[in-house]
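Me: I am new to this structure and would like some help reading it. Could we go through a few features together?

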Amino acid sequence: MRYQIAKGVFDILPKDPHPEGQWRESHIWQFVENVAREIATEYGFQEIRTPLFEATELFTRSVGADSDIVSKEMYTFQDKANRSLSLRPEGTAPIIRSLVENNLDQISPIHKFFYLAPMFRYERQQAGRYRQHNQFGVEAIGSHSPYQDIEVVHLLWNFYERLGLKDLVLQLNSIGDRQARTLFRDALKKFLHPHLDELSSDSQKRYETNPIRILDSKDSNDQKILEGAPKILDFISEESRKHFNFVCEFIDVTGIPYQINDHLVRGLDYYNSTVFEITSGALGAQNSLGGGGRYDGLVEELGGADLPAIGFGTGLERVIRTMIAQKIVPSSSPRADVYLIPLGEEAQRECFKLVSQLRRRHIHAEMDLMGKKLKSAMRVADVAQARWVGVIGDVELQKRQVDLKEMATGSIIPTLFQELEFVLRQTPPS
Ligand code: HAM
């Protein structure tokens, strides 16, 4: 019996046999994850890891019962003790749960966390949407300062820039505080009421449950109707406006190109004040590479101190697919420094000892373990992209010396066994 992978998920392989599967090759993932770790650390963020599943109520309370994520997309199940648990659809709520549960909010008022973690959403299958996706995210907890907003946006932008991504646009908006959103919601409903029959069926449903999300609609007729709609920026308080203006002005100074998008409201209930997304033209309809915003009330809502916070999440699948579309993929899997081919049992023992010694000295050494014939062992050395190859038979054993052959140039260096490490370290790469 052969089994197939579940819908909407994928394997990450050392080398994908299909050209269109290049984005699933593990060396690209390692490269991107290393850059993420490096940059988050440089900005003073420390790694946090939370479990794959949490109490369902955590997400209902924070992301919102009426959000698409909670109402349609969660993988929810009962455990054997009849508790309702859900695979995490996003990373922010679990981190705040952990902060409060571990009393970290009592120990220090400032926390800066980053994570690289899989998230689970039962999405309709389409390009750029997966049922398990991987996010790089950060959460900066404890600072009201607009500089904190700018630092977080900067980090995300620099991450993309360090990977070499091009043609990105930062979209910024402020959705104010709860009071502003209540006033705006009423004004928007009043504006949309005469057009209710013309709206798409999704937007008609949202009119009752979550009218602000109608602004997000991709339906072209909805968008036309929305052209004359009230703007949320006209409803935010003086304080929110000052904060937002400061963020925009400073981002301008740092040279990141941005647009104010007054339709950007984000799909999760915990947001307030600054919200942002970075989009890429290379992605088509699902063009959001990453996004985030402030969620100043969430720590308190989940039982902790009254701490403000801001963060982002970016899907690594979309990042990597954009890298491929923009042809900025790092070179493939690492090459072996040396590949030894033993001829005979005694040579095999000797090669194993040599390879073990080299590996202890951090040299990428490989050998044929299967007693293959010379020709097929050479083929394996080729696949390993070994830079140097050495064949060891009776003569070499006797002389304790091997001819190292550089595969790219054909040049040969006779090398004593005891000098292998020295020679491999001395030869400049071809
Ligand atoms: P989000 O916008 O729902 O925000 O997701 C963040 C990013 O994850 C998206 O921009 C996208 O790149 C990626 N993503 C989301 N869903 C999928 C999917 N089904 N398939 C592939 N990629 C996907 C959050 O999750 C917030 N927790 C971000 C945040 C952190 N806000 C504050 N702190």
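Reply: Happy to; we will take the ligand, the cysteines, a surface patch and two loop residues in turn. Keep in mind that this is a predicted model.

Me: Let's begin with the ligand. How many residues surround the ligand, and which are the closest?

Reply: A residue counts as part of the surroundings when one of its heavy atoms lies within 4 Å. Here the ligand has 27 such residues around it, and the closest are E90, E123, E139, Y271 and L289.

Me: Which strands each supply at least two residues of that shell?

Reply: Look at β6 (132-141), β10 (288-294) and β11 (309-315), each of which supplies at least two. The largest share comes from β10, with six residues.

Me: Which residues have an N or O atom close to a nitrogen atom of the ligand?

Reply: For polar contacts, we look for pairs of N or O atoms within 3.5 Å. A backbone N or O atom of Y130 is 2.9 Å from a ligand nitrogen. H133 uses its side chain instead, with an N or O atom 3.4 Å from a nitrogen of the ligand. For F312, a polar backbone atom lies 3.4 Å from a ligand nitrogen. As for cover, the ligand on its own has 660 Å² of accessible area, and the protein covers 96% of that.

Me: Now the cysteines. How many disulfides does a search of the whole structure find?

Reply: A disulfide is a covalent bond between the sulfur atoms of two cysteines. In this structure the search finds zero.

Me: Are C248 and C351 buried or exposed?

Reply: Buried means under 20% relative accessible area. C248 is buried because its relative accessibility is 6%, and C351 is buried too, at 0%.

Me: What about the outside? Which residues make a nonpolar surface patch?

Reply: Find L52, F53 and F77, which make a nonpolar patch of about 260 Å². F77 sits in strand β3 (residues 76-78). Its relative accessibility is 33%, so F77 counts as partly exposed.

Me: Last, the backbone. What is the phi value of N82, and where is N82 found?

Reply: Phi of N82 is near 65 degrees, which is positive although the residue is not glycine. N82 belongs to the loop between β3 and β4 (84-87), and N82 is exposed because its relative accessible area is 59%.

Me: And what is the phi value of R400?

Reply: R400 also has a positive phi without being glycine, near 50 degrees. You will find R400 in the loop between α15 (394-399) and β15 (401-406). With 39% relative accessibility, R400 counts as partly exposed.

Definitions and conventions
Residues numbered from 1 in each chain as written. Predicted model: local features only at pLDDT ≥ 70, side-chain atom pairs only at ≥ 80, totals over all residues. Heavy atoms only, no water. Patch = residues over 30% accessible without salt bridge, like charges linked within 9 Å, V, L, I, M, F, W, Y side chains within 5 Å. Areas by Shrake-Rupley, 256 points an atom, 1.4 Å probe, with all protein chains shown as cover. Salt bridge = Lys/Arg side-chain N within 4 Å of Asp/Glu carboxyl O. Helix = DSSP H or I, 4+ residues; strand = E, 2+ residues; numbered from the N terminus. Buried < 20%, exposed > 50% of the residue type's maximum accessible area, 1.4 Å probe, protein only. Disulfide = S-S within 2.5 Å. Polar contact = N/O pair within 3.5 Å; in protein donor to acceptor, adjacent residues only side chain to side chain.
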